[in-house]
Amino acid sequence: MIQYGSVDVKELKFHRMKSTVDLRDEQWIDVEVRFDLGEGSELPHDLTDLSALLICSYSGGIAQIIPQDEGRDCEYQFTELEKAQLKDYYENEVRPMLLAKAGVQ
């Protein structure tokens with residue numbers, strides 16, 4: 001995690017990821033990813049309920065990966081390694097379900 005305006009970086013390891021898929025409109029699909037933190041990973045002190053919002057297209061591409069605290073945008077961004085964990089999970093577990101739900105074969 002990187003707080004906006006800070007140079008302090010904390011790498012989080014995500015485990016036991018689960019997701020929900022919501023067809024927001026005719027252009028975007030929201031995927032909320034919840035997870036447990038791996039051993040040695042610790043949330044920044046001012047976050048209480050971290051999750052990730054992946055904004056995806058109907059073709060399955062990820063447009064944005066946004067950290068959220070208690071379901072709202074927060075003052076943090078994910079590191080490249082954290083995004084890679086979320087992208088791997090998405091590609092392997094969520095994308096096939098998303099495409100089926102969106103009616104894409």
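Start by selecting valine 33 and alanine 52: valine 33 stands opposite alanine 52, which sits in strand β4. Before going further, keep in mind that you are looking at a predicted model.

**Stop 1: from β3 to β4**

Widen the selection to residues 50–57, which make up β4. This strand pairs with β3 in the antiparallel sense, and six bridges connect the two.

**Stop 2: across to β2**

Now colour residues 14–23, strand β2, and residues 28–37, strand β3. These two also run antiparallel, this time over eight bridges. How many residues does the hairpin use to join β2 to β3? Follow the backbone from one strand into the next and you will count four. For a single rung of this ladder, pick lysine 18 and look for its bridge partner in β3, which is arginine 34.

While the strands are on screen, here is a handy reminder: side chains in a regular strand alternate between the two faces of the sheet.

**Stop 3: the phenylalanines**

Next, show the aromatic rings. The count of aromatic pairs comes to two. Select phenylalanine 14 and phenylalanine 35 for one of them: the centres are 4.2 Å apart and the planes make an angle of 35 degrees, a tilted arrangement. Phenylalanine 14 belongs to strand β2 and phenylalanine 35 to strand β3, so this pair ties together parts that are 21 residues apart in sequence. Are these two side by side rings buried or exposed? Both phenylalanine 14 and phenylalanine 35 are buried.

Keep phenylalanine 14 selected and add phenylalanine 78. This pair is edge-to-face, with 6.0 Å from centre to centre and 85 degrees between the planes. It links distant parts of the chain, 64 residues apart: phenylalanine 14 is in strand β2, while phenylalanine 78 is in the loop between β7 (76–77) and α1 (80–102). Phenylalanine 14 and phenylalanine 78 are both buried. Show the three residues together and you have a cluster, with ring pairs linking Phe14, Phe35 and Phe78.

**Stop 4: valine 21**

Stay in strand β2 and move to valine 21. Its relative accessibility is 13%, so valine 21 counts as buried. Which residues does valine 21 touch, leaving aside neighbours within four places in sequence? Select Ile29, Asp30, Val31, Val94, Met97, Leu98 and Lys101 to see these contacts. For a distance label, try valine 21 and valine 94: their C-alpha atoms are separated by 8.3 Å, although the two residues are 73 apart along the chain.

**Stop 5: the whole chain**

Finally, clear the selection and switch to a cartoon view. You should find one helix and seven strands, following the pattern β-β-β-β-β-β-β-α along the sequence. The radius of gyration is 14 Å, close to the 13 Å that the globule rule gives for 105 residues, so the protein is as compact as a globular protein of that length. Along the principal axes, the C-alpha trace spans about 40 × 25 × 20 Å.

Turn on a surface to round things off. The protein exposes about 6400 Å², and carbon and sulfur atoms supply 46% of that area. Of the 105 residues, 38% are buried. If you draw a contact map and keep separations of 6 or more, residues 24 or more positions apart account for 53% of the contacts.

Technical notes
Residues numbered from 1 in each chain as written. Predicted model: local features only at pLDDT ≥ 70, side-chain atom pairs only at ≥ 80, totals over all residues. Heavy atoms only, no water. Pairing = 2+ DSSP bridges. Phe/Tyr/Trp six-rings, centres within 6.5 Å; stacked < 30°, edge-to-face > 60°. Buried < 20%, exposed > 50% of the residue type's maximum accessible area, 1.4 Å probe, protein only. Rg over C-alpha atoms; globule rule 2.2 N^0.38 Å. Contact = heavy atoms within 4.5 Å. Areas by Shrake-Rupley, 256 points an atom, 1.4 Å probe, with all protein chains shown as cover.
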